[in-house]
Amino acid sequence: MKVDTPTALETRGRRHPTTHHHRPHRPWHFRTVVGVVFVVMAASSAPSPLYGFYQQQWHFGTTTSTIVYACYALGAVLTLLLAGGMAEHLGTQRTIVVALVTIVVSFLAFLLAPGAWALCLARLVQGVAVGLLTSSAGPALADLHRDRSPQAAAAANSAATSTGIALGAVFSGLAVQFAPAPLVTPFVVLAVLSIGGLGLVRAIPAWQTVPARLRPWRPRVLRMGAEPRGILLWVAPIVTAGWAVVGLYLALGVDLVAGLLHTTDRALSSLVILVVQGCGGIAPMLLRRLGDRAASVTGCALLVLGVGVSVIGFDTAHAVLFFCGAAITGAGFGLTFMGSTSTVTAAMIAGGHPELLPGFFALAYLAVSVPVVALGAAASRFGVAAAFSWFGLLAGLLAMVAGAIAVRRRRLDSQPGWAAVGHQEQ
């Protein structure tokens, strides 16, 4: 039985005398990090229902809204590629604290924004915060879980991510309809929650030993060896399919529901995001005992079925059918996210590859952001209905390919990372 696993700081040249301490942790330590993931991901989706107000206030169109979202994605991806190793330098606890401070700064930028350019800046800062958190939360959850289970940590991470995105958008939608200051209330509430989470994270007894005096840190491009690159290439079709389908609903879902229900109520239209991401959060918790491969295969099958049902529901103007498809799609996303995250986390811990998780999430954010930007352009040129139908077909085909790859996967137990992955499925 392996009692102590070297951290990234030890495996990469042993630059610092850093080790993991396998001390017992209380349940609230694990739940605190889960809650932090929930709040930061809620913050990432909160601005979306507010764009209508911003458009009226500063007179910009859909193209500018798409650029604002692209700034968020750019911030997240660049942070993961250039600063994904910050947790290796600071430790995951300090990196989570930095992420929370950064997200609070983004709220201030939203509250003080004088124009559309400031929204781009706020979303860019928000993307940086999300990039820092996603690169550090996975290892933190695995360390703080009572059984140190990558699979349980991945299920909690997936659930918190999906439900956070869902409820963040719905909360902002409700603020648009009912709050006296819809452009202020969501960010003030999220700022309070983030500051509270920061205090709780700092109160957790340190689960890593980090140097008292840190060396200067500078950004560096994420690099991978042959083994971690092979693992990432295997999960790439699965994570791309899941996040690309989510991008489809994030980009067009609100407009599709507004057309189906003939409503201008942004809170009601945002329900589609709640359904997709809510089911994406529930499915991993209900099926958390599924092995990584089974979760990935089942998730891909549900993605194909869900997108197909939603497209048929929209084409036949059947709102109930559309929402049923959205729920199935959300469950598929949650399972593919859980399976692929658990695979990567297990391989990262077993093989000592800290660069795996930042690379994984950079791929995920590219997979969700490129469709959002492309669909924004396609919808303005060809219409929302055509963009949804054609991209839904492409996303379904991609999910079929990803599912076929997952079914045909061979266990590569000769490689340390893959041996850990195979163990997760037994």
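Which residues in helix 12 are buried? They are Val272, Ile273, Val276, Gln277, Gly278, Gly280, Gly281, Ala283 and Pro284. Keep in mind that this is a predicted model, so everything below is computed from it.

**The overall picture**

The protein has 17 helices and zero strands. Of its 426 residues, 57% are buried. Take the contacts between residues at least 6 apart in sequence: 82% of these join residues at least 24 apart.

Helix 12 covers residues 271-286, and its 16 residues should span 22 Å at 1.5 Å a residue. The end C-alpha atoms are indeed 22 Å apart, which agrees. Helix 9 can be checked in the same way: its first and last C-alpha atoms are 28 Å apart, close to the 27 Å expected. Here are the two side by side.

| Helix | Residues | Number of residues | End-to-end C-alpha distance | Expected span |
|---|---|---|---|---|
| Helix 9 | 185-203 | 19 residues | 28 Å | 27 Å |
| Helix 12 | 271-286 | 16 residues | 22 Å | 22 Å |

**The cores**

The largest nonpolar core takes in 114 residues. Tyr54, Val272, Phe322, Phe360 and Tyr365 have the most contacts inside it. Helix 10 (residues 226-261) gives this core its largest share, at 17 residues. Another core, of six residues, lies apart from it, and Ala155, Ala283, Ala295 and Leu335 are among its members. Helix 12 turns up in both places: its buried residues include Val272 and Ala283, with Val272 named in the largest core and Ala283 in the six-residue one.

Phe360 is worth a click in your viewer. Setting aside neighbours within four places in sequence, Phe360 is in contact with Leu232, Val235, Val239, Phe337, Ser340, Thr341 and Val344.

**Helix 9, buried side and exposed side**

Helix 9 has a buried set made up of Pro186, Phe187, Leu190, Ala191, Ser194, Gly197, Leu198 and Val201. Looking down the axis of helix 9, these buried residues fall within an arc of 130°, so they line one face of the helix. The face turned away from that buried side carries Val192 and Ile195, which are exposed.

What do the buried residues of helix 9 pack against? Their partners are helix 2 (27-45), helix 3 (51-58), helix 6 (92-112) and helix 8 (150-178). Helix 8 packs with helix 9 at an angle of about 140°, and the two axes are 9 Å apart. That angle makes helix 8 oblique to helix 9. At the meeting point, Phe171, Ser172 and Ala175 come from helix 8, while Thr185, Pro186 and Val189 come from helix 9.

Now zoom in on Ala191, a residue of helix 9. Ala191 is buried, with a relative accessible area of 15%; the cut-off for buried is under 20%. Beyond its neighbours within four places in sequence, Ala191 is in contact with Val104 and Phe107. The C-alpha atoms of Ala191 and Ala43 are separated by 9.1 Å, although these residues are 148 apart along the chain.

**An odd alanine in a loop**

Where does alanine 317 sit? Alanine 317 is in the loop between helix 13 (292-315) and helix 14 (319-351). Most residues other than glycine have a negative phi. Alanine 317 has a positive phi of about 55°, although it is not a glycine. Unlike the buried Ala191, alanine 317 is exposed, with a relative accessible area of 60%.

Definitions and conventions
Residues numbered from 1 in each chain as written. Predicted model: local features only at pLDDT ≥ 70, side-chain atom pairs only at ≥ 80, totals over all residues. Heavy atoms only, no water. Core = buried A, V, L, I, M, F, W, Y, C linked by side-chain atoms within 4.5 Å. Buried < 20%, exposed > 50% of the residue type's maximum accessible area, 1.4 Å probe, protein only. Helix = DSSP H or I, 4+ residues; strand = E, 2+ residues; numbered from the N terminus. Contact = heavy atoms within 4.5 Å. Expected span 1.5 Å × (residues − 1). Arc of directions from axis to C-beta. Axes fitted to C-alpha atoms, helices over the stretch in contact; angles between N-to-C directions. Parallel < 35°, antiparallel > 145°, perpendicular 65-115°, else oblique.
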